[in-house]
Amino acid sequence: MEKKRIHQDVFVGFFCLALCLLIYVLNNGLPADAAMMPKLLDGLLVVLSVLIIYHGLRKSRLSAEGQGKSLTWDDWKIPVITWGLVVVYVGLFYLIGYLPATGIMLVLLMRFMKRTSWPVILGIDVVYLLIMYFVFAKMLNVNIDNLGALGRLL
C-alpha cells in the first residue's frame with residue numbers, strides 16, 4: 001500500500017495561519033480604532049490561508065504525479081533572499097531613516113531583480129523619493145525622520 005503524501009501547500013497554509021495568529025496577538029494591545037485595519041487585513045490573510053490549506057488537501061488526494069514536484073532550494077532561494085533584503089531594509093530604516101534607506105533598497109532590489117539599466121534604476125529611485133518627500137513631508141506634514149538613529153546621535 002502506497003503511503004499518501006501531504007502536499008506542501010498544506011504546510012504553507014498552516015505556517016500562514018500561525019503567522020496570522022502572531023499578527024493578531026501583536027495587534028491585540030492596540031486601541032480599538034487603531035487595531036481595526038490590521039485585524040481586518042489579518043482576517044483576510046486567515047481566509048486566504050484556509051483556502052491554501054483547502055487546495056493543498058485537494059492536491060494531497062491526487063497521485064504523486066498529479067501533485068507536481070516537491071519544493072527545492074531553487075524554489076525557496078529568491079523568496080528567502082528577498083526577505084533577507086527586507087530585514088536589511090528594516091535595519092537601515094532604523095539606522096539612517098526612511099528616505100536614505102528606501103533609496104538604497106530600491107537600487108538593491110532592482111539590481112537583484114535583474115533590472116540592468118542604471119539610468120532607469122536611478123530615475124525610478126529619484127522620482128519615487130521626490131514624490132514621497134513632497135507629498136508626505138511637505139503637503140501632508142508627515143514627520144520623516146531623515147537620519148534615523150544616526151540623526152539622534154548628531
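**Exercise 1. Work out how H1 passes H2, and in which relative direction the two helices run.**

Step 1: H1 crosses H2 in a left-handed manner (the near helix is turned anticlockwise from the far one by less than a right angle; clockwise would be right-handed). This is a predicted model, in which local features need pLDDT of at least 70 and side-chain atom pairs count only at pLDDT 80 or more, while totals for chains, interfaces and linings use all residues. Residues are numbered from 1 along each chain as its sequence is written, and side-chain values use heavy atoms, with hydrogens and water left out.

Step 2: Helix H1 (residues 8-27) packs on helix H2 (residues 32-60) at about 165°, and their axes lie 8 Å apart.

Step 3: The pair is therefore roughly antiparallel (an angle over 145 degrees).

Step 4: Sorted by class, their contact holds 15 nonpolar, 5 polar and 4 charged residues.

**Exercise 2. Do the same for H4 and H5.**

Step 1: Helix H4 (residues 98-112) and helix H5 (residues 118-139) pack at about 150°, with axes 10 Å apart.

Step 2: That makes H4 roughly antiparallel to H5.

Step 3: Their crossing is right-handed.

**Exercise 3. Find how many disulfides the structure has, and explain the result for Cys16 and Cys20.**

Step 1: Searching the whole structure gives 0 disulfides (a pair of cysteine sulfur atoms within 2.5 Å).

Step 2: For Cys16, the closest cysteine sulfur is in Cys20, 6.7 Å away, which is too far for a bond.

Step 3: Now the surroundings: Cys16 is partly exposed at 22% relative accessible area, whereas Cys20, at 4%, is buried (buried is under 20%, exposed over 50%, partly exposed in between, with a 1.4 Å probe and protein chains only).

Methods:
Axes fitted to C-alpha atoms, helices over the stretch in contact; angles between N-to-C directions. Helix = DSSP H or I, 4+ residues; strand = E, 2+ residues; numbered from the N terminus. Parallel < 35°, antiparallel > 145°, perpendicular 65-115°, else oblique. Nonpolar A, V, L, I, M, F, W, Y, C, P; charged D, E, K, R; others polar.
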